[in-house]
Amino acid sequence: MTARPRVTVGTALLGAVAAAGVAVLVLPLVALLAATPWERLVDLVADPAVVQALRLSLGTAACATALCLVLGVPLAWVLAHDGLRGTGLLRSLVTVPLVLPPVVGGVALLLLLGRRGLVGARLEAWFGVTVPFTSAAVVLAQVFVAMPFLVLAVEGALRGADRRRALAAQTLGASPAYVLRRVTLPAVAPGVAAGAALCFTRALGEFGATVTFAGSFPGTTRTVPLAVSLAMDTAPEQAVAMSVVLLALSVVVLVALRGRWVAGLPGARAARSRRVAS
Amino acid sequence: MTPRATGTARARLAALVGCLAGALALGGCGAATDARGAPAPTGPGSPLEGTLVVLAAASLTDVVTDLATALEQEHPRLTVETGFGASPALAAQVLGGAPADVLVTASPATIARVTDALGGTAVVVAANRLQLAVPAGNPGDVTSLADLADPALTVALCAPEVPCGAVAATVLARAGVTPAPDTLEPDARAVLTRLRLDEADAGLVYRTDVLAADGLVEGLDLPAHVQATTDYPALVLPDAPHPAAAAAFVALLTGPDGRALLADSGFDLP
């Protein structure tokens, strides 16, 4: 008797169901690629309206990612400290935008920052500032839906990091801020980068909150997903071309990250120990 | 005998409801008094059954829903399923093979894409005109189309790719106004929402949308020489699974009851 696992009816069935699972996720993308007018793709993507939407999408997603890093890393640091009370509740709150339909996020942002919103009404009365229909509104919508990805990834990295080095630095007299800046953050930098890349990709794909809160105007608020939705009814080939570009961008980011997308996962942890060991 | 008796009773009820609706419509709008067209070729005895699928432009939601209910009451074994949305999206669904019986769009150009591909003849059932719309109380103090060019005002228009945007472009060109919109929405109802929420100072939407907004939005009529309308063609799809029921629905839409409902909702009649 060998220890090699035998293929039984049960494992074959499991394999077949798993293959069906892969098909559900991959076949729609195959259909998209099959429908792509490859010979005209460059022309379609070089259309000024598409270039404008792409530029706006990349710019706003980069701003949103920067904002998420500034706000999200300290938030992740707080969440990673089990000693603090209420972190469980806080983590649930941070996770809400992950499971909330984005259009609901858009409605909520509008009720907060719209011209008659809770805060928006005062912004207009005191400073003459209105947020909807501006690129800033796009960035805010993206931050709302994308920040949880960054926070949870960075929190996982912080939890996976070796605490002993931070403790050693502390016993040598370093302040908590100094330890965070010079010891902990460099150690979790790959995790932060992975979180930022995920955050950026999610921001690129944002649709529901943007169209509801920011509106749709070329060059100001019409990002690629909004342009895809509009083009689907009027110029389907253009919609397909833009979809392929967004798909390519997302795949590039995910391939660059490979198994590292949540630093706290066992695979990611093993990869990190190998790096530390080498 | 019992089912038939029930059917007759329901038909009587439906007729009564129809009369009441018609009477209300007549009281509300004189245009309905010159209603023409033969009565719908249906009756309690017509053997219409199954599920009729009607796809219609979002602006027809109320009218088509009412007519669907009336047709169902007249034919107890018939179910009418309705789908509403932006006309180009509905046309794309039909061209993509969605099993529908009747399509009513907010622009002849949109339905032409369907008849060119599938055949069939569309019949114009109504027309809609634009109004300059402002939130209740007119906070932006908007008085004419020229105000749409004021960069200080927040202006919402339909995207030129969709029917209401195309009509708006015609109106603005005739008026010689170059607008300064802050957002180009995917349909007229989205523009209406911006106005209802007071997020925009002015926009161009259909007169029917202003009426549907129940006082939250005020509409200003446009000067006749710049006004442009869009026709609403209805089409019995050539490969409709239920051609008889589809014909009955279009007959209802073009008949006295349909015309009364359309006029009551603010549509112009052909």
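Start by selecting Phe267(B) in this predicted model. Phe267(B) counts as buried, at 3% relative accessibility. Now add Tyr232(B), which is buried too, with a relative accessible area of 0%. For scale, anything under 20% relative accessible area is called buried here.

Show both rings. Tyr232(B) and Phe267(B) make an edge-to-face aromatic pair, with 5.2 Å from centre to centre and 80° between the planes. Two figures are given because a pair of aromatic rings is described by the distance of the centres and the angle of the planes. Over all chains, the count comes to 1 aromatic pair. Now colour chain B by position and see how the pair links distant parts of the chain: Tyr232(B) sits in strand β9 (residues 229–236), while Phe267(B) belongs to the segment after α9 (256–264), 35 residues apart.

**Two loops of chain B**

Stay in chain B and pick Asn138(B), in the loop between β4 (123–135) and β5 (155–158). Check the backbone: Asn138(B) is not a glycine, yet has a positive phi of about 50°. That is worth a look because most residues other than glycine have a negative phi. Is Asn138(B) buried or exposed? Asn138(B) counts as buried, at 18% relative accessibility.

Next, jump to Asp214(B), in the loop between α7 (207–212) and β8 (217–221) of chain B. Asp214(B) also has a positive phi, near 55°, and is a residue other than glycine. Turn on the surface for this one: Asp214(B) is exposed, with a relative accessible area of 69%.

**Across to chain A**

Select Asp201(B), found in the loop between α6 and β7 (202–206) of chain B. Asp201(B) is buried, at a relative accessible area of 5%. Which side chain does Asp201(B) join in a polar contact? Show Arg115(A): the side chains of Asp201(B) and Arg115(A) are joined by a polar contact of 2.8 Å.

You've arrived at chain A, so switch to cartoon view. Chain A has 13 helices and 0 strands. Its C-alpha atoms fill a box of roughly 65 × 60 × 30 Å along the principal axes. Of the 278 residues in chain A, 39% count as buried.

Now bring in some labels from the record. An unreviewed UniProt entry places "domain: ABC transmembrane type-1" on residues 54–257 of chain A. Select that span and you'll have 80% helix and 0% strand, with the end C-alpha atoms 22 Å apart. The unreviewed entry also carries the annotation "transmembrane region" for residues 12–36, 56–80, 92–113, 133–154 and 239–257 of chain A.

Try two of those ranges. Residues 12–36 of chain A are 96% helix and 0% strand, with 35 Å between the end C-alpha atoms. For residues 92–113 of chain A, the figures are 91% helix, 0% strand and 23 Å.

Before leaving, zoom in on Thr60(A), in helix α3 (residues 48–79) of chain A. Thr60(A) is buried, with a relative accessible area of 5%. Show its side chain: a polar atom there lies 2.8 Å from the backbone oxygen of Leu56(A).

**Empty spaces**

Time to look for gaps. Rolling a probe the size of a water molecule over the atoms shows where empty space is left.

Go to the second largest pocket, with about 490 Å³ of space. Of the 23 residues lining this pocket, those closest to its centre are Val211(A), Glu185(B), Pro186(B), Asp187(B) and Ala190(B). Which elements give two or more residues to this lining? Highlight α5 (102–113), α10 (208–213) and α11 (224–234) in chain A, then β6 (183–185) and α6 (188–196) in chain B. Colour the lining by class and you'll find 13 nonpolar, 4 polar and 6 charged residues.

For the last stop, how many cavities of 30 Å³ or more are there? The count comes to 1. The largest cavity holds about 180 Å³ of space. Select Ser59(B), Ala86(B), Asp187(B), Ala188(B) and Tyr206(B) to centre your view, since they lie nearest the middle of this cavity among its 17 lining residues. Helices α3 (87–95), α5 (163–175) and α6 of chain B each supply at least two residues of the cavity lining. By class, the cavity lining has 11 nonpolar, 3 polar and 3 charged residues.

Definitions and conventions: Residues are numbered from 1 along each chain as its sequence is written. Chains are lettered from A and ligands numbered from 1 in the order in which they are written. This is a predicted model: local features need pLDDT of at least 70, side-chain atom pairs count only at pLDDT 80 or more; totals for chains, interfaces and linings use all residues. Side-chain values use heavy atoms; hydrogens and water are left out. On a 1 Å grid over the protein atoms alone, a cavity is a set of points where a 1.4 Å probe fits but cannot get out, and a pocket is an open set with protein on both sides within 12 Å along at least five of seven lines; lining residues have an atom within 4 Å of a point. Grid points are joined across faces, edges and corners, and a volume is the space filled by probe spheres set on the points. Helices (H or I, at least four residues) and strands (E, at least two) are DSSP runs, numbered from the N terminus. Ala, Val, Leu, Ile, Met, Phe, Trp, Tyr, Cys and Pro count as nonpolar, Asp, Glu, Lys and Arg as charged, and the others, Gly among them, as polar. Rings of Phe, Tyr and Trp (its six-membered ring) pair if their centres lie within 6.5 Å; planes under 30 degrees apart count as stacked, over 60 as edge-to-face and the rest as tilted. Buried means under 20% relative accessible area, exposed over 50%, partly exposed in between (1.4 Å probe, protein chains only). UniProt positions are given in the numbering used here, feature names are shortened, and annotations may be inferred rather than shown by experiment. A polar contact is a pair of N or O atoms within 3.5 Å; within protein, one must be able to donate a hydrogen and the other to accept it, and residues adjacent in sequence count only if both atoms are side-chain atoms.
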